[in-house]
Amino acid sequence: MLAIIAVGGAVGFRSLLEGLGQFYYLPMVPAVLITAMLARRIATSLAIALSIAVNLTLVPRESLTDALTNALLFAAVSWILAEICWAMRAMQDRTRDLSRQLAAKDAMLNTALASVPVVTLNAEGEVRHLSPAASTLFGLNEAAAVGRPFSELASGFDVAAILGSGATGGALEARDGHWTGLRPDGATFPLSIQFGVASDPIGDTHVALCLTDLSRWHAADAQARELHAQLNKVWRLNSLGEMAATLAHELNQPLSAAATYLHASQVDMEKAGALGDSALRTVELAKGQLLRAGKIIRRMRELLSPEARRLDSERASSMVEDLGPILTMIGSSKGVAIRMEVEPDNDRVRAERIQFQQAMVNLVRNAVEAVGEHAAPEVVIVGRPTSDTHYRISVEDNGPGIAEDQIERIFQPMTTTKTGGMGLGLSVTRTIVESHGGRLQVSRSALGGAAFSFTLNREPSVENA
């Protein structure tokens with residue numbers, strides 16, 4: 001339809017020009033061009049054929065050869081012009097597509113820059129641009145920062161060191177490990193800086209800085225160190241308590257035997273009459289001191305032995321997640337990545353937080369040491385509810401596992417399979433678990449190594465989130 005309309009219009013235009021002279025195919029060229037610009041090859045071919053048919057009908061020719069020559073020449077020129085139109089259309093479509101892609105990428109870049117603190121500098125180290133996140137980080141608007149040396153915002157920064165090194169990008173190290181950012185109110189904060197260097201077409205050098213505020217990381221690191229120190233203290237106290245309880249139990253028997261022997265000696269000395277009175281008094285004093293020592297040991301044993309602890313309502317996932325920094329440090333020392341698969345649903349349990357965390361640290365440390373020589377070490381903490389009243393925690397590894405004849409023995413105090421170990425870790429852990437109303441068990445892990453597991457009583461009176 002487009003070809004017919006275009007050719008019809010061209011024929012009408014040709015009729016208007018008849019008074020000025022004899023026109024052949026020239027008025028038909030616009031019809032072909034219009035069809036090529038608005039349609040595809042079939043419609044354009046039809047427009048060319050109609051144009052030739054109209055000319056052969058309306059314009060008399062001297063011979064058939066002349067008619068065919070002009071028709072073929074018109075068809076060739078028209079097709080070339082049509083190809084040019086199609087190429088221009090394709091270029092326009094490609095240009096529009098590239099424009100849309102460029103606009104989308106530009107929007108994504110602007111979104112990224114809006115959320116990341118980025119600062120661009122000139123070769124002199126002066127600020128040229130601050131992203132909104134960077135403005136928030138330094139507490140400055142862009143207008144107040146542009147033109148200022150970046151060294152006023154980051155103490156000790158020197159752009160000459162970057163440009164002089166010849167590097168085009170990377171991390172910029174500070175002397176003490178991090179840069180110090182400065183705010184207008186005098187507040188400081190630790191910074192990490194990544195940089196990139198580029199030149200524009202006119203030869204100006206630009207330095208782009210990507211900044212990271214390390215305040216939260218430092219705070220988390222300090223909190224992790226504090227928790228680690230606290231857990232170590234609890235571990236030492238528990239270890240001391242286990243050792244004291246063991247010594248109290250072992251010493252009580254020889255002290256009781258010694259008191260019995262002294263009593264027997266007193267009976268024999270009484271038979272000696274007045275000659276044994278002096279010795280009787282001395283033996284009585286010694287016997288009194290032995291009995292006093294026994295009472296002191298019993299009191300110490302009662303004081304240091306595991307007693308009923310105050311259990312609070314805690315979330316198992318929260319208690320394990322708080323150990324993240326400590327477990328990361330334990331794993332990184334042996335090159336072991338520790339996975340946590342603790343289900344946060346229905347995980348409200350009765351527990352004493354610090355004691356529970358100490359037990360977890362002991363189990364994870366043992367697991368990490370067990371897989372230290374493995375080519376692909378794995379340690380997984382798994383937590384999930386097993387019933388309406390219990391929540392199970394297990395620490396699994398792909399190490400060598402525990403031999404069947406060692407399962408009961410490893411929980412005994414002063415028993416260890418590690419060089420330099422004190423043999424108190426699993427004993428203390430079992431004591432903690434039992435004080436929570438659970439039982440520490442060991443079995444074969446699905447990973448191939450050992451799996452230490454225990455259950456905690458779920459909190460029935462609190463709706464789990």
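Helices and strands here are DSSP runs, numbered from the N terminus; a helix needs at least four residues and a strand at least two. The model is predicted.

## Exercise 1: A backbone outlier

Locate Asn346 and describe its backbone and its exposure.

**Solution.**
- Step 1. Place the residue. Asn346 sits in the loop between strand 9 and strand 10.
- Step 2. Read the backbone. Asn346 has a positive phi of about 55°, although it is not a glycine.
- Step 3. Classify the exposure. Partly exposed covers the range between the buried cut-off of under 20% and the exposed cut-off of over 50%. Asn346 has 36% relative accessibility, so it counts as partly exposed.

## Exercise 2: A salt bridge from the loop

Find the salt-bridge partner of Glu343, and state which parts the pair ties together.

**Solution.**
- Step 1. Find the partner. The side chains of Glu343 and Arg384 form a salt bridge, at 3.5 Å from N to O.
- Step 2. Assign the elements. Arg384 belongs to strand 11 (residues 379-385), while Glu343 is in the loop between strand 9 (338-342) and strand 10 (348-351). The pair therefore ties together parts that are 41 residues apart in sequence.
- Step 3. Check exposure. Arg384 is partly exposed, with a relative accessible area of 38%. Glu343 is also partly exposed, at 33%.
- Step 4. Turn to a network. Arg94, Asp97 and Arg100 are joined into one network by salt bridges that share partners.

## Exercise 3: Two more salt bridges

How many salt bridges does the structure hold? Describe the pairs made by Glu152 and Glu341.

**Solution.**
- Step 1. Recall the principle. Side chains of opposite charge can pair when their charged atoms come close.
- Step 2. Give the count. The structure holds 13 salt bridges.
- Step 3. Take Glu152. Its side chain meets that of Arg148 at 3.0 Å, N to O. Glu152 is partly exposed at 38% relative accessibility, and Arg148 is partly exposed at 27%.
- Step 4. Take Glu341. Its side chain meets that of Arg339 at 3.2 Å, N to O. Glu341 is partly exposed, with 37% relative accessibility. Arg339 is partly exposed, with 37% as well.

## Exercise 4: The two sides of a helix

Sort residues of helix 11 into buried and exposed, and say where each group lies around the axis.

**Solution.**
- Step 1. List the buried residues. In helix 11 (residues 324-332), these include Gly324, Ile326, Leu327, Ile330 and Gly331.
- Step 2. Use the arc. These residues cover an arc of only 160° around the axis, so they lie on the same side of helix 11.
- Step 3. Look across. Thr328 and Ser332 are exposed on the other side of helix 11.

## Exercise 5: Aromatic pairs

How many aromatic pairs does the structure hold? Classify the pair Trp79 and Trp86 and the pair Phe356 and Phe454.

**Solution.**
- Step 1. Give the count. The structure holds six aromatic pairs.
- Step 2. Classify the tryptophans. Planes over 60 degrees apart count as edge-to-face. The rings of Trp79 and Trp86 have centres 5.3 Å apart and planes at 80°, so this pair is edge-to-face.
- Step 3. Add exposure. Trp79 is partly exposed, with a relative accessible area of 29%. Trp86 is buried, at 6%.
- Step 4. Classify the phenylalanines. The rings of Phe356 and Phe454 have centres 6.2 Å apart and planes at 70°, so this pair is edge-to-face.
- Step 5. Trace the link. Phe356 lies in helix 12 (residues 353-370) and Phe454 in strand 14 (residues 450-457), so the pair ties together parts 98 residues apart in sequence. Both Phe356 and Phe454 are buried.
- Step 6. Note a cluster. Ring pairs link Phe138, Phe150, Phe157, Trp179 and Phe189.

## Exercise 6: Helix 2 and the loop after it

Which residues make the nonpolar surface patch of about 310 Å², and which residues does Ala39 touch?

**Solution.**
- Step 1. Name the patch. Ile34, Met37 and Leu38 make it.
- Step 2. Focus on Leu38. Leu38 lies in helix 2 (residues 29-38). At 59% relative accessibility, Leu38 counts as exposed.
- Step 3. Place Ala39. It is in the loop between helix 2 and helix 3 (41-58). Ala39 is buried, with a relative accessible area of 15%.
- Step 4. List the contacts. Leaving out residues up to four places away in sequence, Ala39 touches Leu2, Trp86 and Arg89.
- Step 5. Compare sequence and space. Ala39 and Leu2 are 37 residues apart in sequence and 7.9 Å apart in space, C-alpha to C-alpha.

Methods
Residues numbered from 1 in each chain as written. Heavy atoms only, no water. Salt bridge = Lys/Arg side-chain N within 4 Å of Asp/Glu carboxyl O. Buried < 20%, exposed > 50% of the residue type's maximum accessible area, 1.4 Å probe, protein only. Arc of directions from axis to C-beta. Patch = residues over 30% accessible without salt bridge, like charges linked within 9 Å, V, L, I, M, F, W, Y side chains within 5 Å. Areas by Shrake-Rupley, 256 points an atom, 1.4 Å probe, with all protein chains shown as cover. Phe/Tyr/Trp six-rings, centres within 6.5 Å; stacked < 30°, edge-to-face > 60°. Contact = heavy atoms within 4.5 Å.
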